[in-house]
Structures are given as C-alpha cells and as structure tokens.
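Work through three short exercises on the structure shown below. Each task is followed by a stepwise solution.

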Amino acid sequence: AALRAGDWAQVKESIEAMDRETRSDSAWVYWHARSLQALGRGDAQQQAARAYASIAGTSGFYEMMALEALGRPVTLPPQPQPVTPSEQAWALREPGLQRSLQAIAIGLRGEGVREWNYTIALAQPGGLPDRQLLAAAQLACEREIWDRCINTSERTREQVDILQRFPLPLKDLVVPRSLAIGLDPAYVYGLIRQESRFVTHARSGAGASGLMQVMPATARWTARKIGMTDFAPSRINEREVNVTIGTAYLKLALDDFDGSMAMASAAYNAGPGRPRNWRAPGGTGPVLEAAIWAENIPFAETRDYVKKVLANTTLYAALLHEPQQSLVARLGQVGPRPSNDAPIDADLP
C-alpha cells in the first residue's frame, strides 16, 4: 500500500520491520534499496547499490530489476561446458530416467513425471549433482519432454544452462504467428513457458488446455472473433490451433490495455475484468510503475504470474536477439482507467 501511495518512508519502515528471512527475499531487498534511493539520506546511494548488487542477476524478476538499477543490461549467463559423452551415457543407463521416459511414451505421464522427479531429487541425499542434472535435462530436451528439461535444469546450483531452462521449441509456428498479428514472439514464449512448460496436452484443474492453456469458452469466443470457422473443441490441443487462438486472445488483451504487457498478462491469467478494476477509475489516481502495480495485485497467483511472464519474456528477447531486452522498459507504467473506457465485450469469458 505504501508503494502504491509513493510513501517511501513507510516502505522503508515496513520492510525494516520484517523478520530477517522475509526481508532477505529479493522483492524486499529491491524495494528497500529503492526506498533508500528515494529518501536519499546519508550514504543511501551506496547502501542501495550494495543491496542491488547482492541480488542482481537473471534468476528472477527482482534480480533483473536490480541488475538494471545498477545500469547493467540483462544479458544471458555464460553456457556451461557441454554435456560429455560419458555424462550422456550415464543418463541413458540410469534406470529411473529410462522408466520415466517409457511411462511417458505409453501415455502414463503422471507416473513418468513422479519417477523422474524421484530419480533427480530424492533417490540420493541432496539430489543429483549439477553435471548429472544437466545430462538428465539434455536427455529430456532431446526427447522433447520440455517440462522435465526445464524443471531439471532449474535444479542446478552452480552451472546454469539457459538454453535448457528457456528452450525455443516450435519456432516455425510461434514466431511467424506472433509477428503476423503484431505480437512480440518473446512475450508469447514467456507466456507459454509459464502456462504449460511446452506440454502440448497440458490441462489445468480449471479446464484450460494446451500449450497456451486456453479455456474452452475463451477458445470458442476467440475463434468466432478471428473468423476461425473450422474450430471445434476437440481441436484445442492441436499445436497450431492452440497457438493461433492463444496468441489472438493475448493480442486482443494487449490492445485492450493499450499495449501494457503487465496488464495483458494479468488479464490472460485472471480474466480482463479484474485488471481493469485494479486501476483507479474515472481517469483519476496515480500513474504507477508497472512493477508497483503488479506488486499490488490482490491475487497471489496472478501477482506471481505477471512477474514471471515478464521476466521470462526478457530472457527470451535476449535468446531471440531482439533489440528490446530491458525488463523495466517492457513493464512501463499503469495509469488510472480512462473515464471513457469502453466496456468489455459482454460475452467475453
């Protein structure tokens, strides 16, 4: 609330009242540093710089924000040494990984995922070491089991393989489709990674399906909107259909929110009505940094989702060699809802 009000003294006081563990979270390290800068007392600039430096990196939203606060661009970390033939051979011989791959291949994905997770995290105390994790992740990538590739690689402690953690499958589908409708391909990849980890037949508890986790009612509405006359609910998990509908809906949301990736991401996760209500009405109220607006989202899931999608997007922009690789620039600002704001389509899910 203090962030939203621009009360930096209260921001500082609130964070300093937190217990040590909570205060060490990168979000509060970042906002404490911002409060020091805003208040500008004593050696505040030096304290802020030390705080930013303590978390700066590419491992998450606030780590990237801290990196940019230090005047350093978001760049990809160096790749570790490639997996060696002997490490590849170990992964191919590891019984737990092979049982997992076989289970997934015959349609027992849940059982296969459990077997995989046990093998990499629990079968030996402390889980597998980094080099074996990288070998297991590479095996999953080669088999196009992208969620195991990503999740396994994310467990490494010292050696970060960004190509495993942020793969680029389906480039021939995602990039042309995104560009054709005026969407940033990095944004689409960032959203898909968060939604489904590139699992084509992923299905949420709420009923969302496919790569872009589209709800059936949303799929039907969007198909009508874009004139997709051959759409049927049974086709929602088809890669091309899912990406076509998902990107179209995301573009509609992005246009509805004047190009704000933060608000469009919130709309994709929580529905378009809620982000509108999370802005001050009637053209009054402050213009907020989108990072502050996102931190004030009242739903924990959506708050986390928006930050992860935008952080993903920034790294994918670097992987795709896009000119805009700044998280801060992508965030922009969120102002009050215009007084002449058009109503949402009455039938929009």
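**Exercise 1.** Decide whether D147 is buried or exposed in this predicted model, then place it and list its contacts.

*Solution.*
- Step 1: The relative accessible area of D147 is 6%. The cut-off for buried is under 20%, so D147 counts as buried.
- Step 2: D147 sits in helix α11, which spans residues 146-153.
- Step 3: Leave out residues up to four places away in sequence; D147 then touches R109, V113, R197 and V199.

**Exercise 2.** Find which residues of helix α2 are buried, and say how they are arranged around its axis.

*Solution.*
- Step 1: Helix α2 runs over residues 8-16, and its buried residues are W8, V11, K12 and I15.
- Step 2: Viewed down the axis of α2, these buried residues fall within an arc of 95°, so they line one face of the helix.
- Step 3: Recall the geometry: an α-helix has 3.6 residues a turn, so residues three or four places apart point the same way.
- Step 4: Now look for the cover. Over the buried residues of α2 lie, among others, α1 (2-5), α3 (20-23) and α4 (26-39).

**Exercise 3.** Classify the crossing of helices α6 and α20, and describe their contact.

*Solution.*
- Step 1: Two packed helices are described by the angle between their axes and the distance between the axes.
- Step 2: The axes of α6 (residues 61-69) and α20 (residues 300-319) come within 9 Å and cross at roughly 55°.
- Step 3: That angle makes α6 oblique to α20.
- Step 4: From α6, F61, Y62 and M64 meet K307, A311, T314 and L315 of α20.
- Step 5: Sorted by class, this contact has five nonpolar residues, one polar and one charged.

Note on methods. Residues numbered from 1 in each chain as written. Predicted model: local features only at pLDDT ≥ 70, side-chain atom pairs only at ≥ 80, totals over all residues. Heavy atoms only, no water. Buried < 20%, exposed > 50% of the residue type's maximum accessible area, 1.4 Å probe, protein only. Helix = DSSP H or I, 4+ residues; strand = E, 2+ residues; numbered from the N terminus. Arc of directions from axis to C-beta. Contact = heavy atoms within 4.5 Å. Axes fitted to C-alpha atoms, helices over the stretch in contact; angles between N-to-C directions. Parallel < 35°, antiparallel > 145°, perpendicular 65-115°, else oblique. Nonpolar A, V, L, I, M, F, W, Y, C, P; charged D, E, K, R; others polar.
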